[in-house]
Amino acid sequence: MRQWIDKLRATGELSREEWTALIEGRTPKLAEYLFAQAREVRHIHYGHDIYIRGLIEFTNYCKNDCLYCGIRKSNEKANRYRLSLEEIKDCCRAGYDLGFRTFVLQGGEDGYYTDERMEEIIRTIRSGYPDCAITLSVGEREHESYQRFFDAGADRYLLRHETYDAEHYGKLHPAGMTAEHRQNCLWDLKQIGYQVGTGFMVGSPFQTPENLADDMLFLKKLNPQMVGIGPFIPHHDTPFADRDAGTLELTLFMLGLIRLMLPRVLLPSTTALGTIDPKGRELGILAGANVVMPNLSPTDVRKDYALYDNKICTGDEAAECRMCMERRMKSIGYDVVVSRGDSLV
Ligand code: SAM
Ligand code: FES
């Protein structure tokens with residue numbers, strides 16, 4: 001198996017059969033070997049720097065009904081909120097003072113935020129913070145809308161493909177949502193000129209090693225600037241309430257593989273990873289990740305952006321999260337830096 005890890009490091013590629021066998025046949029010993037290689041590659045390109053992104057969860061209204069997601073349309077128990085432009089500006093101001101130079105605007109697919117409203121938000125942040133990157137994560141939209149947001153000043157877009165395989169995708173989403181449409185959005189975003197982030201959940205219901213192999217092949221083909229992965233975690237008011245969560249062990253292994261396949265990719269150690277294990281985010285960094293995304297949303301709405309159960313940091317002020325993250329990273333020998341943290345890809 002080490003041969004495949006060596007091959008991956010040398011060539012950045014494996015076949016579907018090799019990916020499947022490597023994922024299926026992983027052992028703790030092999031994982032240690034992988035993580036050492038992944039750290040080496042990460043240190044070559046990014047040293048011991050950790051980039052931070054300020055996450056602003058600006059709406060939890062959503063027209064979609066993804067079976068895994070706590071803010072799905074059918075969850076009538078979700079307490080819905082939207083942030084006003086003023087509230088978003090307040091988040092950015094606080095974030096800037098804390099050293100954030102990237103703001104990530106994430107939300108459900110909320111029709112209230114028309115193209116015009118999104119443009120107003122983007123233009124306002126762009127003019128107030130010319131030295132910051134603006135990342136959007138608002139789901140699937142038309143090419144024209146993506147273009148308008150880009151022209152208004154957005155630089156980056158996060159849209160996880162969730163799972164490459166159409167059949168598996170169909171088991172996680174209601175009729176009408178397709179893997180093909182989501183992937184087309186990613187190609188559109190790339191063509192427009194965004195720095196694009198995609199990714200998937202690890203251990204989502206019905207996921208097989210072959211599905212993960214296909215996810216890796218898709219990542220290779222798309223060659224995104226960022227890849228966000230995290231364990232699936234059940235939410236009690238969704239159809240997947242009783243499913244098992246994805247594991248720390250497999251998520252870390254996938255992070256290491258992604259670092260070797262795409263050496264210069266921006267790779268977050270996600271909140272979901274920190275939720276399934278108290279040291280999850282530190283372990284993610286030690287497996288090859290180089291980004292963390294502390295929350296900048298106002299404290300009074302944080303618990304309502306509940307995609308899954310027991311999400312961490314919901315009671316903490318932005319400043320606390322920021323300092324906590326710095327301490328955590330220092331404890332493993334890494335430094336949070338004040339930087340836009342653009343992709344080298
Ligand atoms: N609406 C936008 C979109 O669809 O890309 C952004 C928000 S969406 C809630 C952000 C991500 O949360 C999804 O891409 C999904 O991978 C993740 N997510 C949703 N439910 C989850 C769960 N139960 N466990 C882990 N991750 C989840
Ligand atoms: Fe819309 Fe999850 S169902 S963000």
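**A ligand shell and two parallel sheets**

In this predicted model, a backbone N or O atom of Leu307 lies 3.4 Å from a nitrogen atom of ligand 1. Taken on its own, ligand 1 would expose 560 Å², and the protein buries 93% of that area. Leu307 is joined in this kind of backbone approach by Ile233, which places a backbone N or O atom 2.7 Å from a nitrogen atom of ligand 1, and by Tyr68, whose polar backbone atom is 2.9 Å from a nitrogen atom of the ligand. Around ligand 1 there are 18 residues, and the closest of them are Tyr68, Gly107, Arg160, Glu162 and Ile233; Tyr68 and Ile233 thus appear both among these closest residues and in the backbone approaches just described. By residue class, the shell around ligand 1 divides into 10 nonpolar, 5 polar and 3 charged residues.

From the ligand we turn to the strands. One open sheet is built from 6 strands, which follow the order β2-β3-β4-β5-β6-β7 with parallel pairing. At its edges stand β2 (54-59) and β7 (226-231), and because each has a single partner strand, one side of each is left without a neighbour in the sheet. Neighbouring strands of this sheet are turned against each other by 20 degrees on average, when direction is ignored. In general, the strands of a sheet pair through backbone hydrogen bonds, in either a parallel or an antiparallel arrangement. At the β7 edge, strand β6 (residues 195-202) pairs with β7 in the parallel sense over 6 bridges, and within this pairing Phe200 has Ile229 of β7 as its bridge partner.

Helices lie across this sheet at two places that can be followed in the model. Helix α10 (residues 248-261) lies across β6 and β7, with a direction at about 165 degrees to β7. Helix α5 (residues 115-128), in turn, lies across β2, β3 (102-107) and β4 (133-137), and runs at about 155 degrees to β4. The edge strands β2 and β7 are therefore each covered by one of these helices, β2 by α5 and β7 by α10.

A second open sheet has 3 strands in the order β8-β1-β9, again with parallel pairing. Its edge strands are β8 (291-292) and β9 (335-337), each of which pairs on one side only. Strand β1 (residues 49-52) pairs with β8 in the parallel sense over 2 bridges, whereas the parallel pairing of β1 with β9 extends over 3 bridges. Tyr51 takes part in both pairings, for its bridge partner in β8 is Val291 and its bridge partner in β9 is Val337. The next residue to consider is Ile52, which stands opposite Val292 in β8. Helix α14 (residues 318-331) packs on this sheet and touches β1, β8 and β9, while its direction makes about 135 degrees with that of β9.

Key. Residues are numbered from 1 along each chain as its sequence is written. Chains are lettered from A and ligands numbered from 1 in the order in which they are written. This is a predicted model: local features need pLDDT of at least 70, side-chain atom pairs count only at pLDDT 80 or more; totals for chains, interfaces and linings use all residues. Side-chain values use heavy atoms; hydrogens and water are left out. A residue is near a molecule or strand if one of its heavy atoms lies within 4 Å of it. A polar contact is a pair of N or O atoms within 3.5 Å; within protein, one must be able to donate a hydrogen and the other to accept it, and residues adjacent in sequence count only if both atoms are side-chain atoms. Accessible areas come from the Shrake-Rupley method with a 1.4 Å probe; for residues, only the protein chains shown count as cover. Ala, Val, Leu, Ile, Met, Phe, Trp, Tyr, Cys and Pro count as nonpolar, Asp, Glu, Lys and Arg as charged, and the others, Gly among them, as polar. Two strands pair if DSSP finds at least two bridges between them. Helices (H or I, at least four residues) and strands (E, at least two) are DSSP runs, numbered from the N terminus. Contact means heavy atoms within 4.5 Å. Axes are lines fitted to C-alpha atoms, for helices over the stretch in contact, and angles run from 0 to 180 degrees between N-to-C directions.
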